[in-house]
Amino acid sequence: MSEGTASAAELRDTDLDGPELRARLARTWGTGQGLIARLSTVDHKVIGKRYIVTTFVFLFLGGLLAVAMRLQLARPESDLIGPDLYNQIFTMHGSTMMFLFAVPVMEAMAIYLVPLMVGTRNIAFPRLNAFSYWIFLFGGSFLWIAFVLNTGPDVGWFAYVPLSGPEFGPGKRADVWAQMITFTEVSAILVAIEIITTVFKQRAPGMSLDRIPIFVWAMLVVSFVVLFSMPAVMVASTSLILDRLVGTHFFNPAEGGDALLWQHLFWFFGHPEVYIIFLPGTGMVAEIVTTFSRRPVFGYLALVLSLIAVGFLSFGLWVHHMFVAGVPQLGASFFTASSMLIAIPNGVQIFCWITTLATGRVVVRTPLLFVLGFFVIFVLGGMTGVMVASVPIDTQVHDTYFVVAHFHYVLIGGAVFPLLGAVYYWFPKITGRMMSERLGRWHFWLAFIGFNLAFFPMHVLGLRGMPRRVYTYGPELGWTDLNLLVSAGSLVLATSFGLFAWNVVRSSRSGDPAGPNPWGAGTLEWATTSPPQPHNFDRIPAVISREPLWTPRDSLPVVTGLSVENRELVVSTLTDARPELRESSPEPSIWPFITAIATTITFVSSIFTPWAAVWGSALIAVCVIGWFWPKGSKEDEE
Amino acid sequence: MKTHPVEDLSHLPTYGFGAQSPMWWGTLGLFAVEGMGFVLVIGMYLYLWFINPAWPLGVTPPNHWPGMLILLILLASLWPNAATERAGREEDLPNCRLLLIVMSLVAVLVVGIRFYEFTTLHVLWDTNAYGSVVWFLLGLHALHVITDAGDTIVLTVLMFTRHGHGKRFSDVSDNAFYWYFVVLTWIPLYLLIYWFPRM
Amino acid sequence: MQHPTWTRPLLALPFLLAGCAGWPSALDPKGPTAADLAWLIQLFTVLLGVIWLLVVLAVGLVVFRRRWTAAAMPMPKAVHPSEERRPTVIVMALVVATCITVLVLTGLSFAGQQRLFGVDEPAVTIQVTGHQWWWEVRYQDGDPSRVFTTANEIHVPVGLSIRLVLESDDVIHSFWVPNLAGKQDLVPGQQNQLGFTVTEPGIYRGQCAEFCGLQHAHMGIIVVAESEPAFRAWQEAQIRPGKLPETAEQRQGMQVFLSHACVMCHAVRGTPAGGRTGPDLTHVGSRRHLAAATLPLTRGSLAAWIADPHGIKPGVNMPIVPLASDELNSLAAYLEGLK
């Protein structure tokens with residue numbers, strides 16, 4: 001056990017104050033200028049911002065693909081886009097939205113916000129965080145470069161075998177998809193470990209478990225779901241690559257394998273995946289509802305327990321994606337029950353939020369508008385979810401546009417609308433400027449109307465026999481008019497995103513200055529400057545309530561004794577957050593970037609030859625040794 | 001925002017062991033992920049067994065002696081491993097160095113036997129689904145042993161350099177922690193690969 | 001089955017959503033199997049729709065009545081536990097109501113599922129094998145000489161229980177005719193089943209409902225439901241070998257057929273052509289459509305299809321067989337005559 005004696009030369013934050021304290025800490029924790037410095041940064045805010053921007057780029061790319069699909073489907077037997085390109089487009093749309101936008105954007109928001117909200121100076125394992133971002137960026141780029149080179153996957157975002165297998169999926173398209181999965185899942189798993197460790201061990205002194213903000217609880221639960229669900233898709237995608245590359249027979253019925261094994265493995269991941277996307281949205285809703293009702297959220301314990309319940313239950317639903325695949329009926333009915341059961345904790349959350357609004361003073365600003373949109377859209381999606389949970393109903397609507405409508409209602413309603421609200425809410429903290437409220441309202445109404453115009457008619461199209469993933473349809477089927485309406489709606493929705501981008505760009509340059517707490521909110525991220533200092537807090541706060549900034553006091557209690565020359569943060573106990581260590585936080589390093597490049601080379605080469613896994617691993621090992629080899633600095637050694 | 005100090009943390013140490021150490025939690029996270037991976041591939045094995053009329057498919061069960069040998073070596077290694085963890089906690093540099101050399105040798109030995117073990121399975125990965133899943137299971141565990149061998153060797157070297165102090169003792173302790181996972185996961189895998197098909 | 005009287009008004013819903021006759025629709029059931037499902041869908045829609053409406057109204061009301069109109073943000077207020085008692089009771093009551101609703105809906109679903117998968121002794125058993133991108137249809141019979149194979153168009157007798165045995169030769173497909181029943185997948189390596197009864201004669205359109213590659217969009221199904229005598233007549237005609245050519249042109253066409261690559265993939269019973277890779281053409285002329293409901297079956301569409309299948313269904317497995325135009329015309333005449 002090291003002694004905690006201060007060396008004579010070491011400066012602590014008890015020795016300094018005010019602007020000088022801030023300046024010294026900023027120097028210790030800052031990211032330098034220049035390319036190498038920027039590639040080496042381990043500041044969670046810098047990485048978080050990069051991550052958020054990158055995921056939104058993927059959102060826009062995925063959205064353009066959607067517009068392309070809707071232009072093709074606007075008329076029957078259209079020859080705008082042929083079947084091969086269309087199949088790549090819908091696969092890229094789903095894969096981009098699910099793997100490169102929806103999950104990563106929630107991780108990205110967490111990377112930025114969670115350390116601030118729990119009152120620490122950096123995320124746990126900061127270099128790993130940098131590595132996670134690079135791996136995500138390289139994996140997403142790999143997929144899109146392949147697409148541009150006409151080797152984009154064309155088997156749907158869930159790549160069912162045997163269509164994606166060696167016999168019916170020639171070339172490298174399905175391998176590109178499977179390896180993209182490896183990139184993104186490694187990234188997500190590492191971020192999950194960072195978040196769990198940050199929330200468990202780096203909370204501000206006094207932030208006991210029942211004082212953790214709901215958004216942080218949501219990200220904690222989500223991180224656990226990630227840990228236990230993502231291995232399933234990695235096992236699946238690895239098995240697929242093995243079948244395609246080296247002749248294994250996991251999914252080959254002729255040699256003892258099974259086509260449905262793929263579906264079980266994929267959906268065991270796939271169902272929790274949608275809760276990985278949705279639960280952070282609920283955390284954002286909770287924070288926004290709290291702030292704009294001007295009262296602590298109603299039912300804190302119920303909300304936390306609901307989050308945990310949903311996290312658990314999400315693992316028991318996956319067979320509902322396979323109701324018509326020929327699974328035994330008794331087993332299937334169990335999954336109907338569990339799929340309907342999950343509506344109960346979701347309902348608890350909705351009731352708590354409405355009660356918060358009903359017993360508070362409701363201030364309607366753009367973030368809250370998007371939350372109200374969430375209520376309307378997500379709940380409708382939840383209702384159709386109960387319908388598709390029923391085996392008999394699902395035999396009619398499975399794999400039709402009804403399901404497409406359902407999941408867009410729950411994903412866009414349940415995750416994207418809260419995310420947009422969260423952007424309006426936290427933009428001032430991240431950039432120091434307010435977004436335009438007027439543009440925000442236009443954005444909201446365009447998005448709300450465009451979304452419903454685009455997706456509501458799909459329920460009817462599904463009931464009228466239109467299956468998913470068709471590049472065209474005959475005029476005699478009676479789907480023409482509704483498809484035209486859907487396509488028109490999609491253009492309105494696309495326009496709303498354009499307006500949003502405009503609002504973001506304009507506000508970053510000339511939005512009103514925000515100040516530390518423009519919304520008068522209660523959580524710790526609002527206790528520091530906007531944008532925050534590199535070290536987040538000049539002194540780590542001590543927490544005595546759930547909404548630290550709403551507890552009436554003249555000033556915020558803080559703890560002292562941390563070094564200003566070396567990167568130090570507080571490690572505290574799991575339940576009560578009693579401080580136990582002054583842990584050093586790693587300095588900037590170029591090794592995460594280099595290791596990510598080595599990993600990318602390994603992963604990409606492995607789809608061409610299995611030997612790449614061998615020499616690639618050696619390459620990665622060298623980089624990892626470089627990464628972890630101590631540099632002799634105080635942070636490293638002591 | 002105005003602030004006022006309520007507690008001085010200068011006296012706190014700068015690194016800890018076990019649940020005090022964030023790295024320990026990170027390792028626990030890896031246990032969860034990799035453990036889940038094993039659970040899933042075991043699930044694949046049992047699923048394929050369930051849907052096939054005969055098992056193993058068209059071959060004799062694998063020769064269990066190499067696997068048994070590895071099991072015995074791993075179980076025996078628990079004692080020096082526990083000693084390594086204790087030496088790390090007590091910051092006992094000479095013992096750390098000695099025990100890390102021992103653990104490195106154990107890991108390398110296991111890797112060697114493991115390579116041989118693949119040749120005694122009586123089936124190849126591309127023979128049929130049974131072969132594929134057995135190679136997958138064994139390969140996954142092999143991957144863990146190889147990476148842990150690498151970790152241990154690098155840490156051993158590190159403890160002989162000028163860096164062998166302070167936080168490195170926490171790393172020694174965490175590395176030993178990870179070896180428990182490698183040993184523990186072999187037990188169900190050994191039973192599944194070698195004894196389940198004989199039942 | 002008899003549905004309670006109070007649900008009858010619900011049955012008006014389909015006319016809003018079902019669209020016109022001739023269009024497929026799950027809400028325009030043509031037999032008890034589909035009718036049961038349609039009723040369940042409508043019941044759920046109404047119940048859940050009401051719940052959604054209540055939530056939306058509650059949110060709207062709350063925001064309207066509690067909204068803060070002044071420009072400045074009001075101070076946050078502390079909440080005392082005594083204030084929370086009434087809202088807690090209300091929320092708990094709502095949670096209980098949710099639980100009850102979930103239980104009821106689950107029960108209704110179970111009951112529907114029991115009826116759907118209940119085992120009826122079928123009057124007609126048809127084996128359907130999915131291929132990229134067509135349906136191989138084989139009518140089973142106890143007497144092997146009465147077993148016959150056709151493609152893409154299925155005839156069934158009205159009022160009798162039908163069982164489809166579903167298999168696949170390549171990738172996963174899904175058989176779905178919304179007016180008649182829910183769907184079931186065709187999975188390589190296993191055999192699934194789909195049972196239904198049709199009560200209203202007519203021609204019903206279906207579609208493959210599991211993405212199966214390039215021409216998934218053009219893998220349609222036609223089910224012709226007719227009176228039992230009409231069905232038996234059709235069945236007898238199908239069992240007979242292919243009609244011999246009657247005109248000179250058709251005779252020439254038959255020669256073209258037998259001397260080109262066609263026989264590698266296609267079969268016409270009664271001729272040497274016995275290929276099994278492609279659809280059976282013994283009675284192709286009797287079918288209403290071509291290429292899995294992609295084109296209406298006429299002499300012209302037959303010629304167009306043979307001349308350039310990839311222009312109509314890009315990626316299809318049928319190769320172009322180069323033919324002179326008179327060969328093409330006579331071939332089309334021959335095939336059209338295979339009624």
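What radius of gyration does chain C have, and what would a compact globule of 339 residues have? Chain C has 28 Å, whereas a compact globule of 339 residues would have a value near 20 Å; the radius is taken over C-alpha atoms, and the globule rule is 2.2 Å times the number of residues to the power 0.38. This is a predicted model, in which local features need pLDDT of at least 70, side-chain atom pairs count only at pLDDT 80 or more, and totals for chains, interfaces and linings use all residues. Residues are numbered from 1 along each chain as its sequence is written, chains are lettered from A and ligands numbered from 1 in the order in which they are written, and side-chain values use heavy atoms, with hydrogens and water left out.

**Chain C**

- Nine helices and 12 strands make up the secondary structure of chain C; helices (H or I, at least four residues) and strands (E, at least two) are DSSP runs, numbered from the N terminus.
- Along the principal axes, the C-alpha atoms of chain C fill a box of roughly 95 × 50 × 40 Å.
- Buried residues account for 51% of the 339 residues of chain C; buried means under 20% relative accessible area, exposed over 50%, and partly exposed in between, with a 1.4 Å probe and protein chains only.
- Among the contacts in chain C with a separation of 6 or more, 63% are between residues 24 or more positions apart; contact means heavy atoms within 4.5 Å.
- About 15200 Å² of chain C is exposed, and carbon and sulfur atoms supply 63% of this area; accessible areas come from the Shrake-Rupley method with a 1.4 Å probe, and for residues only the protein chains shown count as cover.
- Chain C carries 25 positive and 26 negative side chains, with the centres of the two sets 11 Å apart. Lys and Arg count as positive and Asp and Glu as negative, while His and the chain ends are not counted; the place of a charge is NZ of Lys, CZ of Arg, CG of Asp or CD of Glu.

**Chain B**

- Chain B has five helices and one strand, in the order β-α-α-α-α-α from the N terminus on.
- The radius of gyration of chain B is 21 Å, against a value near 16 Å for a compact globule of 199 residues.
- The box filled by the C-alpha atoms of chain B is roughly 75 × 45 × 25 Å along the principal axes.
- Of the 199 residues in chain B, 57% are buried.
- In chain B, residues 24 or more positions apart supply 82% of the contacts with a separation of 6 or more.
- Chain B exposes about 8400 Å², of which carbon and sulfur atoms supply 73%.
- Chain B has 9 positive and 13 negative charges, whose mean positions are 3 Å apart.

**Contacts between chains**

- Two pairs of chains are in contact, and chains A and C share the most contacts.
- Chains B and C do not touch, and their nearest C-alpha atoms are 11 Å apart.
- Thr400(A), in the loop between α13 (391-397) and α14 (401-431) of chain A, is buried with a relative accessible area of 0%. Beyond residues up to four places away in sequence, Thr400(A) touches Gly462(A), Met466(A), Pro467(A), Arg468(A), Trp176(C) and Lys183(C).

**Nonpolar cores**

- The largest nonpolar core has 339 residues, and those with the most contacts inside it are Trp177(A), Trp262(A), Phe375(A), Ile126(C) and Phe175(C). A nonpolar core is a set of buried Ala, Val, Leu, Ile, Met, Phe, Trp, Tyr and Cys residues joined through side-chain atoms within 4.5 Å.
- Helix α4 (residues 83-118) of chain A gives the most to the largest core, with 23 residues.
- Leaving aside neighbours within four places in sequence, Phe375(A) is in contact with Ile350(A), Trp353(A), Ile354(A), Leu357(A) and Val59(C).
- A second, separate core of 23 residues includes Met254(C), Cys262(C), Ala291(C) and Leu335(C).

**Backbone features**

- The peptide bond from Val161(A) to Pro162(A) is cis, with omega near 0°; Pro162(A) lies in the loop between α5 (126-148) and α6 (173-201) of chain A.
- The bond from Trp55(B) to Pro56(B) is cis, with omega near -5°, and Pro56(B) lies in the loop between α1 (22-51) and α2 (65-89) of chain B.
- Ala291(C) is not a glycine, yet has a positive phi of about 55°; Ala291(C) is buried, with a relative accessible area of 13%.
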